[in-house]
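Okay, let's get going. I'll put the structure up and then walk you through it piece by piece.

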Amino acid sequence: MTPPALSTNRTLAPDVAQALRTGELDPLVGRQPVDRRDRFLTLLTVYDLHTAPLEQVGDAARHQGHPAVADVKTRLEAAWLAELELAWSEAGRLEEATTPERAVTAMRAVAARDRLPAAYKWLADTADWEQLVDFLALEGGPDGGFDDLVSACQVGLSGSAKLELAQNYWDEMGNGDPDAVHTVLHERLVEAVAMPRIPRGELPVEALERAALGGLLATNRWLQPEMLGALGLLELQAGPRCRLVLKAFDRLGAPAAAYPFYVEHAEVDPRHGKDWVEKAIVPTVAERPEWGPRIVKGAWWRSSVNLGFFASLHLELTGERARPAA
Ligand SMILES: [Fe+2]
Ligand SMILES: [Fe+2]
């Protein structure tokens, strides 16, 4: 019997998951996703092989480098990167950031573009308790998975940049206090507000893209400059956003155990952002000027993906379309 022809109307993500379970991977070669949602669900399944806990991925992790998986990953990422490049081309003169001073100015300009999306202002001033919990469940914290991303980003760096990423990572680890590790603080928040765990398949496509950006950057060594920019941007923007979450907590009378995760990020991330720029980006661009535009590009990617995510979140929770940030 001849195998079924590669069909273009068949959803790819479940077939990838199934092939990873059975080990029958060759039929995946050349397959295309049916839409952007299918693209990101597929890529997230592949990124799990690289970065998810082994007890979650199981034996499928052995297929991480299989040629058929690499074929799917590379083609889907190429199409996505072409879209990201298009968005970047609209950023104009930011690509001239080939000196540390220009790179810093450009990073700060990108960070200012959507530092406080309308969704956060709505959260602080208007959302009810149920909407707040749903928002936080979708948001997943300002820096979900950040500890592993920082550790992936520092591979091959040296000097001041390496030290800064190590310091940032150690802050994520609660500076050695198991009780203060950021993921532990987030688990306590989840418990304190009875936050629902939203399955990946139910997330809006913009949330899938936002999550997948970390995987794209963490599994492609050649995108290390872009990753340095994307993670730096996250730090530059997290502080004020966390303060608005705290404002919502105060307004709605959140339980005490909900606070530490956002208090920690509201306090520490402004320093993380400043240090990431001054101690990681400045010396890196001074040494490798050609990295400057790419670092800013990575920040722009994260910013653009984030903007899409917060607009969709605002629409989903309020039914109101958010005005684009000025
Ligand atoms: Fe954190
Ligand atoms: Fe941070």
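Before I read out the fold pattern, a word on what counts as an element here: a helix is a DSSP run of H or I with at least four residues, a strand is a run of E with at least two, and the numbering starts from the N terminus. With that in hand, going along the sequence you get α-α-α-α-α-α-α-α-α-α-α-α-α-α. So what's the tally of helices and strands in the chain? It's 14 helices and 0 strands. And please keep in mind that this is a predicted model.

Overall shape next. The C-alpha trace spans about 65 × 50 × 40 Å along its principal axes. The radius of gyration is 20 Å, and because a compact globule of 326 residues would come out near 20 Å, the chain agrees with that expectation. Of those 326 residues, 43% count as buried. If you take the contacts between residues at least 6 apart in sequence, 80% of them join residues at least 24 apart.

On to the domains. The chain is split into domain 1, residues 12-86, and domain 2, residues 96-318. Their centres, taken over C-alpha atoms, are 25 Å apart. The contact between them uses 11 residues from domain 1 and 12 from domain 2. Which elements give two or more residues to the domain 1 side? Those are helix H2, at 36-51, and helix H4, at 67-89. H2 gives the most, with 9 residues. As for chemistry, that side of domain 1 divides into 6 nonpolar, 2 polar and 3 charged residues.

Let me stay with H4 for a minute, and pick out two residues. Lys 73 lies in H4. Is Lys 73 buried or exposed? The cut-off for buried is 20 or more other C-beta atoms within 10 Å, and Lys 73 has 23 C-beta neighbours inside 10 Å, so Lys 73 counts as buried. Leaving aside neighbours within four places in sequence, Lys 73 is in contact with Leu 43 and Val 46. Leu 43 is 30 residues away along the chain, yet the two C-alpha atoms are separated by 6.5 Å.

The other one is Asp 71, also placed in H4. Asp 71 has 16 other C-beta atoms within 10 Å, so Asp 71 comes out as partly exposed. Its C-alpha is 9.9 Å from that of Asp 26, and those two are 45 residues apart along the chain.

Now the inside. The largest nonpolar core has 88 residues, and the members touching the most others are Met 107, Leu 123, Ala 230, Ile 281 and Val 296. Which helix gives this core its largest share? That's H12, residues 224-252, with 13 residues. The core also draws at least three residues from each of domain 1 and domain 2.

Last stop, helix H14, residues 291-318. H14 has 28 residues and reaches 40 Å from first C-alpha to last, close to the 40 Å expected at 1.5 Å a residue. Why call H14 largely enclosed by the rest of the structure? Because 22 of its 28 residues are buried. And right after H14 comes Gly 319, with a positive phi near 80°.

That's my tour, so over to you.

Terms used:
Residues numbered from 1 in each chain as written. Chains lettered and ligands numbered in written order. Predicted model: local features only at pLDDT ≥ 70, side-chain atom pairs only at ≥ 80, totals over all residues. Domains from an automatic or database assignment. Contact = placed C-beta atoms within 7 Å. Nonpolar A, V, L, I, M, F, W, Y, C, P; charged D, E, K, R; others polar. Rg over C-alpha atoms; globule rule 2.2 N^0.38 Å. Buried ≥ 20, exposed ≤ 12 C-beta atoms within 10 Å, placed from the backbone. Expected span 1.5 Å × (residues − 1). Core = buried A, V, L, I, M, F, W, Y, C linked by C-beta atoms within 7 Å.
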